[in-house]
Amino acid sequence: MRDDIVGICRFSFLGKCDWAETAGQGGDAPALMARRRAMLYAPARLARRFAAFETLCLPSIRAQTDPDFRFWILTSPEMPEAWLERLRDLCAGVPQIRLIVSDKRETVNALREPLRAAAEAAGRPVIQFRVDDDDAFSRHHVARIRGHARRFSDLPAFAISYPQGLVMGSYEGEPISYWRAHQPFLGAGAAVRMRGAGRCIYAYNHFQLPKHFPAFTDIGGLGYLQTRWDEGDSVATIVAKFPKWFQRLDPDAFQQALAEDFPFLQGVDLGFVERKGAA
């Protein structure tokens, strides 16, 4: 049996999921879906999400020191055709990526059959990790997961978190700020082997994974670079946009912190994060 590893990213997926607006009962109601469709596929928003994906997430996939993994990007057929074609073109250039365009309205349903097929090919449920399209994950991420999977080979299911990371962001046109953070079982990079072959990592809130699985936190290195900005779901739910336990970094210290896990981001223009003219 192989330890197949699959990264999963929702890219403007129109459906019920763990985002604040759709998490509760009625999260897939037609009126709500209509509102979210208008919001998700507004040209200005899509332009900024593509900028984030092309600057952060896509280079993370290409930079992996262990290239033996797959990366699934889940979106919906309602994405305007020109943008969907752009996404297809970006995905076509990276051998690990599979674009899944699903009309299902729940993430867990959209991914059930692909996960079952992957588990059948591997002989056991695959190891999944999640990341958002506006985040980056360490170039060592897949290699670290594989190393831990060997140690946990006797466990039918487990969860892994990489709590040390970097955060950058800007709200309402403010200058970009940079931070170092420790956030166990943050969604960015969280990994799990589920007990069921077709069961999806999004079936659980990422912060709740340690309640359901033997769980391990790896504090070696930096696991993620998370974006906090006006285009994120956290705007509606997080009172402290940059919580008090974050350690602020000046731009030079931020660049130095990128060196080992995110060298592909050193010197890169991250100005897309700041909403121009909003202040």
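**The sheet.** Start with the seven strands of this predicted model. Together they form an open sheet. Step across the strands in the order β3-β2-β1-β4-β9-β6-β10. The pairing along the way is mixed.

**The edges.** Select residues 97-101 for β3 and 215-217 for β10. These two strands stand at the edges, and each has a single partner strand, so one side of each lacks a neighbour in the sheet. Now look at how adjacent strands sit: on average, neighbours in this sheet are turned by 20 degrees against each other, direction ignored.

**Inside the sheet.** Select residues 5-10, strand β1, and residues 127-130, strand β4. The two run parallel, joined by four bridges. Pick Ile5 next: which residue of β4 is its bridge partner? It is Ile127.

**A helix on the sheet.** Keep the strands shown and add helix α4, residues 107-122. Helix α4 packs on the sheet and touches β1, β2 (70-75), β3 and β4. Its direction makes about 150 degrees with that of β2.

**A helix pair.** Move on to α2, residues 43-62, and α3, residues 81-92. Their axes lie 12 Å apart, and the packing angle is about 5 degrees. An angle under 35 degrees counts as roughly parallel, and α2 and α3 are therefore roughly parallel to each other.

**Their contact.** Show side chains on both helices. From α2, select Pro43, Leu46, Ala47, Phe50, Phe53, Glu54 and Leu58. From α3, select Trp83, Arg86, Leu87 and Leu90. What kinds of residues make up the contact of α2 with α3? Nine are nonpolar, two are charged and none is polar.

Notes
Residues numbered from 1 in each chain as written. Predicted model: local features only at pLDDT ≥ 70, side-chain atom pairs only at ≥ 80, totals over all residues. Heavy atoms only, no water. Pairing = 2+ DSSP bridges. Axes fitted to C-alpha atoms, helices over the stretch in contact; angles between N-to-C directions. Contact = heavy atoms within 4.5 Å. Parallel < 35°, antiparallel > 145°, perpendicular 65-115°, else oblique. Nonpolar A, V, L, I, M, F, W, Y, C, P; charged D, E, K, R; others polar.
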